[in-house]
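Visitor: I am new to this structure and would like a close look at a single part of it. Please choose a strand, show me its partners, and then lead me outward from there.

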Amino acid sequence: MKKKVDSSRRRALPLFLLALLILLLPSLASPILYAKQRTEPSSSSSRRRVDIVLVGATSSLAKKYLFQSFFRSYLEEELKPLGATLDYHFYGAATRPFEEGGKLLTDFLASSTSCKGVQNIDSTICEAMLKSFRKNFRYVQLRGEDHYKQLGRRLQQEQENGGQQLEGRLFYLSISPDLYGDIAKSIAEYVRPNATAAVGSESSSSQAAWVRVVFEKPFGRDLPSAEALAHDLAQHLEEEEIYRVDHYMGKGVVQAILPFRQANRHWLEALWTGRHVASVEVSMKETEDCEGRTSFYEGYGVIRDVLQNHLTQVLVLLKMDIPEGSSSSSSVYGSHQHRTAVLEELVFLGDMKSPDGEETHASIHVGQYEGYHAHVASDRRSKPLFVKTSVPTAASVTLASKHPRWEGARFTLKAGKALDTRTSYARVVLCDDREGGRKEGRRCGCEMLFNIQGGEFGTAIVWNKTACAKLIDPEALQTPPGWVVEEEDKVEGGRGLHVLRPKDGESNLPNAYENVVEAVLAGDRSMFLGTEELLHQWRVWDKVLTRADAMEPELYPAGYALDEVELTGFFGVRAEGGEEEEKREEL
């Protein structure tokens, strides 16, 4: 009998271990994979409260990107393997009265949030969490100081009633920049945790709960207005509380630029100089026109809208020295100090002297698509339907660097509306310098393409194997974290290409705004513009805009190929003195 009992115990032991393993597996899974088998978030008072106020909740940006991005962050927090530690409370704010605004918010949430594209979560659980998220997003009217006072009292009362410790308050401003200063003042005076503490005081800097305020571009339209806005914000917010968004920093390829350079610095940095880099081009092409947005474009134009911010940020990541001993976030974006140092070196090509001391040719091209003036008139509802305007809808600007490392290299930024295709990329043209000579004898057929979006390649880093054979050794190549070499070469015109892509596939990458929201909630300011960094951007572009604003743009047909700009001389050829610019030398 004893032997039979022992035998039964031995058989039961493996079954017990198997059952234990099944119980433990969920806790070892990813935050998204493990849903804790619950469909409603915990309301435990042990969780720290985070108030999230989306000011401008009825804006197109909120509907297109922000609601879904906040839902993804909500999911990540609620479905942590060891349980949520933060309790998010969402408030959608606008100027509309409560009934009208509340209905609009409900409609926006229903149409712009979904479980589509959410990976590794049971659909039933995701839908239940989505229902909870929408219910948790409440409307508040914010039209003046009294409303901000009411909001401050409401948030304080809800926190006390819930018995929770306040972790912090996030304000995302999806509104006109003209309102930034007044709203920052109202937040600081009435809704900031410990609102009675003065900015810069010991109690303000040491308070337990944080406040973070997110601002969307534009941050001024020139250096004086940017300085004035920065001064206004500094009266009410600390520098570490200000998050200026450039959502291009959240795009997959942009995030991979510095990690790619870091992974391959043992051979790539020797090429990353003016001796081997003939040119860098950063482009953003859009097929849509400006209809419906001309009121904004009339005040800013394409240079202020795209070149001064998005494309400049990409160029800075390509050009900066790789940070030494950097953290995980600064290894992706570099520090504010590193980025500012690059901006200090950038100059407009027209201000540079050639090696022999002669003036260089200015390099600004501006254009306007045919029919833009009709769109302006339509948006203004003016009659007759004709408005004369010199605002550029496309532009190409070439910059240079004062740093000896980049002597001879040219940096061209291009963008436009109503063009032939929707794509954005950075192209680095590399030259084999072993033949000597800065221009003569160089073979410059190697192009390294950082394709940010659209076009033929989607999200990818690409170069031609044959053209780059003498410069890039495939055996020495290291892929950045989260990226892999594509298994099968793509062929273009019979030439094999080397292609790197995100390991999890392009469709599974978080979009730029999901990365923005995640970074703000984590308190990571590395992808956001610091004040000094912003002002140095404007110091570069103010000189460009002084010339560009005085130029009359050339008309171009819808569907125009912006690639032709600097080769044909067709597009926006007027420069200082009205003379045509010389065509750029084809490399």
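Guide: Let's start with strand β7 (residues 277-285) and β12, which run antiparallel and are joined by 8 bridges. Strands here are DSSP runs of E with at least two residues, helices are runs of H or I with at least four, and both are numbered from the N terminus. Two strands are said to pair if DSSP finds at least two bridges between them. For a place to look, find M284, whose bridge partner in β12 is S424.

Before going on, please keep in mind that this is a predicted model, with residues numbered from 1 along each chain as its sequence is written. Local features need pLDDT of at least 70 and side-chain atom pairs count only at pLDDT 80 or more, while totals for chains, interfaces and linings use all residues, and side-chain values use heavy atoms, leaving out hydrogens and water.

β12 itself covers residues 423-432, and 9 of its 10 residues are buried. Buried means under 20% relative accessible area, exposed means over 50%, and partly exposed is in between, with a 1.4 Å probe and protein chains only. Besides β7, β12 pairs with strand β13 (residues 443-454), again in the antiparallel sense, over 9 bridges. One spot to find on this side is D432, which has R443 of β13 as its bridge partner.

Follow β13 onward and you reach β14. These two strands run antiparallel, joined by 4 bridges, and they form a hairpin with 5 residues between them. In the turn, G455 has a positive phi of about 65°. Across the pair, N451 has its bridge partner in A460 of β14. Strand β14 (residues 460-464) is largely enclosed by the rest of the structure, because 5 of its 5 residues are buried. From β14, A460, V462 and N464 point one way, while I461 and W463 point the other way.

Now for what surrounds these strands. A nonpolar core is a set of buried Ala, Val, Leu, Ile, Met, Phe, Trp, Tyr and Cys residues joined through side-chain atoms within 4.5 Å. In soluble globular proteins, nonpolar side chains tend to be buried together. The largest such core here has 151 residues, and I303, L318, F450 and W541 touch the most other members. Helix α11 (residues 294-319) gives this core its largest share, 11 residues.

L318 leads us back to our starting point. Leaving aside residues up to four places away in sequence, L318 touches V280, V282, A426, V428 and F450, among others; contact means heavy atoms within 4.5 Å. The list for L318 also includes I257, R261 and W272. Apart from the largest core lies another one, of 7 residues, with L449, F457, V462 and V499 among them.

Helix α11 has a helix neighbour too. It packs against helix α14 (residues 372-380) at an angle of about 125°, and the axes are 9 Å apart. Axes are lines fitted to C-alpha atoms, for helices over the stretch in contact, and angles run from 0 to 180 degrees between N-to-C directions. α11 and α14 are therefore oblique to each other. Under 35 degrees would count as roughly parallel, over 145 as roughly antiparallel, 65 to 115 as roughly perpendicular, and the rest is oblique. T294, Y297 and E298 of α11 meet Y372, H375, V376, D379 and R380 of α14 in this contact.

To finish, step back to the whole protein chain. It has 17 helices and 18 strands, and 53% of its 587 residues count as buried. Among contacts between residues at least 6 apart in sequence, 76% join residues at least 24 apart. The accessible surface comes to about 27400 Å², with 51% of it belonging to carbon and sulfur atoms; such areas come from the Shrake-Rupley method with a 1.4 Å probe, and for residues only the protein chains shown count as cover. Elsewhere you will find an open sheet of 6 strands with parallel pairing, in the order β3-β2-β1-β4-β5-β6. Its edge strands, each pairing on one side only, are β3 (137-141) and β6 (242-245). From one strand to the next, the twist averages 20°.
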